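Reader: I would enjoy a close look at a single part of this model, namely how its tail end is packed. Could you start with the rest of the fold for context and then walk me through that part?

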Amino acid sequence: KMTEAAAAMETKKDTFSNLNEPNSTLYISNIDWKIKKAILRRSLHTLFSRHGKILEIVTLRNEGLRGQAWVIYSHIAAATAALRAEQGFTFFGKDLRIDYAREKSDRVAKLDGTFVPKDRRLKREREGAINANADSNRVKLSPKDGENKMDTPLRSSGSAAPLINASPQAEGGATASSINEGSLPLLSDPEQEKEVPSNILFAGSLPKDCNEMMLAMLFRQYAGYKEVRVPRQGLAFIEFDDEPHATAAFKALNGFKLTASENLDLKYGKTA
């Protein structure tokens, strides 16, 4: 009889074996579409930026595209690390489903020199479809038994993840690649202020929509993390089990870019 742990391992193995071909863009689904766009983008950035440099995060509110997002990394290795680490992560009460996007994003294609304009891409696809249809209808005569046989038609492998560069007609009137949400910067590492270290970190002047869950996602990756407390809007206390663990998180996250214009300002809190 298979144990629960073994069953979970099999499920995880199946999840990773059915993914699209690896590329630097992740397709994320099963997101609570009721989350406000600004909070969603900031929360996704907080969760995924620790795995590597993010070029862009695309979230759409169009009918048929709600509850989905694309995270575009600069490198495939970062996307792979994020996929493996965050697959199934409970995000605002729902387990994330993560896959590689079916196509490379236009932004990445422009960087690596493989970008093809959309109209030219569509023309190639139409020509390919016409050629495939002609091949599938071509009849071959077998010299051995004289039977007529059809060439095997070309088939495309399906996937649950929508195309990032899908046409407006196919995806409810908008495309992820056509929307420029702006890139989200990564970590900075300012000099640590001279103050008495402790196991509690104090974060002040937080953005209005920076909540307890977002901070927990950011700090939980560090050893010794215990909890986040938000006594009022704009302030938070992050507790670790001891001072060395708190200091490691302080050095890594002090100055972290929460938005393009707002940094995470950390100080050591006072202990009793």
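Author: A polar contact is a pair of N or O atoms within 3.5 Å, one able to donate a hydrogen and the other to accept it; residues adjacent in sequence count only if both atoms are side-chain atoms. One such pair starts our tour: a polar atom in the side chain of asparagine 20 lies 2.9 Å from the backbone oxygen of tyrosine 100. This is a predicted model, in which local features need pLDDT of at least 70 and side-chain atom pairs count only at pLDDT 80 or more, while totals for chains, interfaces and linings use all residues. Residues are numbered from 1 along each chain as its sequence is written, and side-chain values use heavy atoms, with hydrogens and water left out.

Asparagine 20 sits in the loop between helix H1 (4-17) and S1. With 15% relative accessibility, asparagine 20 counts as buried (under 20% relative accessible area; exposed is over 50% and partly exposed lies in between, for a 1.4 Å probe and protein chains only). Across the protein, buried residues make up 40% of the 272 residues. The fold has 7 helices and 12 strands, taken as DSSP runs numbered from the N terminus (H or I, at least four residues, for helices; E, at least two, for strands). Of the contacts between residues at least 6 apart in sequence, 68% join residues at least 24 apart, where contact means heavy atoms within 4.5 Å.

Aromatic rings give us a good way in. The structure holds 6 aromatic pairs (rings of Phe, Tyr and the six-membered ring of Trp with centres within 6.5 Å; stacked under 30 degrees, edge-to-face over 60, tilted otherwise). In one of them, tyrosine 27 and tryptophan 70 have ring centres 5.7 Å apart and planes at 50°, so this pair is tilted. That pair bridges 43 residues of chain, from tyrosine 27 in strand S1 (residues 25-29) to tryptophan 70 in strand S3 (residues 69-73). Tyrosine 27 is buried at 7% relative accessible area, and tryptophan 70 is buried at 1%.

After S3 in the numbering comes helix H3 (residues 76-86), whose buried residues are Ala78, Ala79, Ala82, Leu83 and Glu86. Viewed down the axis of H3, these residues fall within an arc of 135°, so they line one face of the helix; the arc uses directions from the axis to the C-beta atoms. Ala77 and Arg84 are exposed on the other side of H3. Glycine 88, just after H3, takes a positive phi of about 85°.

Now for the part you asked about. In helix H7 (residues 243-253), the buried residues are Ala246, Thr247, Ala249, Phe250 and Leu253. Seen along the axis of H7, they fall within an arc of 165°, so they too line one face of their helix. Their packing partners are strand S9 (200-204), H6, S11 and strand S12 (265-268). Pro244 and Lys251 are exposed on the face of H7 turned away from its buried side. Glycine 255, which follows H7, has a positive phi near 95°.

H6 is worth a stop of its own. Alanine 216 belongs to this helix (residues 212-219). Leaving aside neighbours within four places in sequence, alanine 216 is in contact with Tyr225 and Val228. Alanine 216 and valine 228 are 12 residues apart in sequence, with their C-alpha atoms 6.2 Å apart in space.

Tyr225 brings us back to the aromatics. The rings of tyrosine 225 and phenylalanine 240 have centres 6.1 Å apart and planes at 75°, so the pair is edge-to-face. It joins strand S10 (residues 225-229), where tyrosine 225 lies, to strand S11 (residues 236-240), where phenylalanine 240 lies, 15 residues apart. Tyrosine 225 is partly exposed, at 23%, whereas phenylalanine 240 is buried, at 0%. Ring pairs link both of them with Phe219 in a cluster.

Phe219 also features in the largest nonpolar core, which has 46 residues; Phe48, Phe91, Leu201, Phe219 and Leu264 have the most contacts inside it. Such a core is a set of buried Ala, Val, Leu, Ile, Met, Phe, Trp, Tyr and Cys residues joined through side-chain atoms within 4.5 Å. Beyond residues up to four places away in sequence, leucine 264 touches Ala203, Leu206, Leu218, Phe219, Leu253, Asn254, Gly255, Phe256 and Leu258. A second, separate core has 8 residues, including Leu55, Val58, Leu60 and Trp70.
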